[in-house]
Amino acid sequence: MASARPVGAITRGTTNPNRLRRCDRWLVATQRHRLTAPLGAPLVVDLGYGASPVTAVELRDRLRAVRPDVRVVGVEIDPARVRAAQHLQDDTLSFRIGGFELPVDGKVDVVRAFNVLRQYDESEVESSWSLVQQRLSPTGIFVDGTCDEIGRLATWVTLDRRLPLSLTFSWRLGGLDTPSVIAERLPKALIHRNVPGEPIHEFVRTFDRAWATAAPHGSFGARQRFLAAVDTIRADGWPVLHGRSRHRLGELSVEWSAVAPNRR
């Protein structure tokens, strides 16, 4: 599928090897069923991969653990970035000029877009989400995320064809002072909502308090402290997703409905 005019704008394109490892590993561990469901080779799009195609290559290689026949398409709105990646193409990896319209044939099983909408205006988020959602397969998902320059802090929203499902936080636990440091890496849909009266603000502050309360567990290591903090917010009624195996990695997912922005 091709579009005469890609939907979107050229972003800074900053990227680094291994920057998106946290999200990739989450995909393999928690979204395996979405990759194994298709009878044919799953189609995955790395949307807005940036000035280097390295994250698209890494995504393809990591997803092969689940589906060796996976096909990954790197999509960039900057023609120069697509030309620079052509030498990496093979039967499992290709690169195309495009934007949120997704210039591929058929429905897509996974779309991953990191540090793309972060550079847009908040008012453009829902329309961009909608464009991608229209292209998803029945079991497909769109992952819209943000991370720091080397991937030690990351957050992402996961959406299916109808609505947002969850928000995931991922911290490098070593040297973590307070969990709220991740607030500066919230997805565009939430980063301007981290203010009193908004659910995301309440969640971030609540987790900071749980982290502080769990300080005695720190004598057994940051991981045990993190697990204790997760137990506290779960007991307080926050809809925490996935199990302890994910939490041990410094990862925490909650239902989107618990942190969704208030309607203005």
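Let's start at asparagine 18, which sits in the segment before H1. Asparagine 18 has a positive phi, about 70°, although it is not a glycine. Buried or exposed? Asparagine 18 is partly exposed, because its relative accessible area is 29% and the buried class ends at 20%.

One caution before I go on. This is a predicted model.

There is a second residue of this kind. Histidine 242 lies in the loop between E8 and H9. Its phi is near 65°, a positive value in a residue other than glycine. Histidine 242 is partly exposed too, at 33% relative accessibility.

Now the whole chain. The protein has nine helices and nine strands. How compact is it? The radius of gyration is 18 Å, and the globule rule gives 18 Å for 264 residues, so the protein is as compact as a globular protein of that length. The C-alpha trace spans about 55 × 40 × 30 Å along its principal axes. Of the 264 residues, 57% count as buried. Then look at contacts between residues at least 6 apart in sequence: 68% of them join residues at least 24 apart.

Next, the sheet. What is the strand order? Read across: E3-E2-E1-E4-E5-E6-E7-E9-E8. That is an open sheet of nine strands, and the pairing is mixed. Which strands stand at the edges? They are E3, residues 93-97, and E8, residues 240-241. Each has a single partner strand, so one side of each is left without a neighbour in the sheet.

Move to strand E5, residues 136-147. E5 is mostly covered, with ten of its twelve residues buried. On one hand, E5 pairs with E4, residues 108-114, in the parallel sense over six bridges. In that pair, arginine 112 stands opposite valine 143 of E5. The connection runs through helix H5, residues 125-133: E4, H5 and E5 make a right-handed β-α-β unit.

On the other hand, E5 pairs with E6, antiparallel, again over six bridges. Here threonine 146 faces a threonine across the pair, number 155 in E6. E5 and E6 form a hairpin, with five residues between them. Look in the turn for glycine 151, which has a positive phi of about 75°.

Keep going along the sheet. E6, residues 153-159, pairs with E7, residues 164-171. This pair is antiparallel, over seven bridges. Tryptophan 156 stands opposite threonine 168 in E7. Helix H7, residues 199-213, packs on the sheet here and touches E7 and strand E9, residues 251-255. The direction of H7 makes about 35° with that of E7.

Helix H8 comes next, residues 222-235. It lies across E7, E8 and E9, and runs at about 10° to E9. Does its length fit, or not? Let's check. H8 has 14 residues, and at 1.5 Å a residue it should span 20 Å. The end C-alpha atoms of H8 are 20 Å apart, which agrees.

Which residues of H8 are buried? They are Arg225, Phe226, Leu227, Ala228, Ala229, Val230 and Ile233. Their cover includes E7, H7, E8, helix H9 (244-247) and E9. Just after H8, glycine 237 takes a positive phi of about 105°.

Now over to helix H3, residues 54-63. Nine of its ten residues are buried, so H3 is largely enclosed by the rest of the structure. Charged names turn up in that buried list, so let me read a few: Glu58, Arg60 and Arg62 are among them. Others include Val54, Val57, Leu59 and Leu63. What covers them? The cover of H3 includes helix H1 (21-30), helix H2 (32-36), strand E1 (43-47), strand E2 (71-76), E3 and E4.

Last stop, valine 72. It is found in strand E2. Valine 72 counts as buried, at 1% relative accessibility. What is it in contact with, beyond neighbours within four places in sequence? From H3, Ala56, Leu59 and Arg60. Also Val44, Thr92, Leu93 and Ser94. How far is valine 72 from arginine 263? They are 191 residues apart in sequence and 36 Å apart in space, C-alpha to C-alpha.

Notes:
Residues are numbered from 1 along each chain as its sequence is written. This is a predicted model: local features need pLDDT of at least 70, side-chain atom pairs count only at pLDDT 80 or more; totals for chains, interfaces and linings use all residues. Side-chain values use heavy atoms; hydrogens and water are left out. Two strands pair if DSSP finds at least two bridges between them. Helices (H or I, at least four residues) and strands (E, at least two) are DSSP runs, numbered from the N terminus. Contact means heavy atoms within 4.5 Å. Axes are lines fitted to C-alpha atoms, for helices over the stretch in contact, and angles run from 0 to 180 degrees between N-to-C directions. The expected span of a helix is 1.5 Å times one less than its number of residues. Buried means under 20% relative accessible area, exposed over 50%, partly exposed in between (1.4 Å probe, protein chains only). A crossover is right-handed if, with the strands pointing away from the viewer, the path from the first strand over the helix to the second runs clockwise. The radius of gyration is taken over C-alpha atoms; the globule rule is 2.2 Å times the number of residues to the power 0.38.
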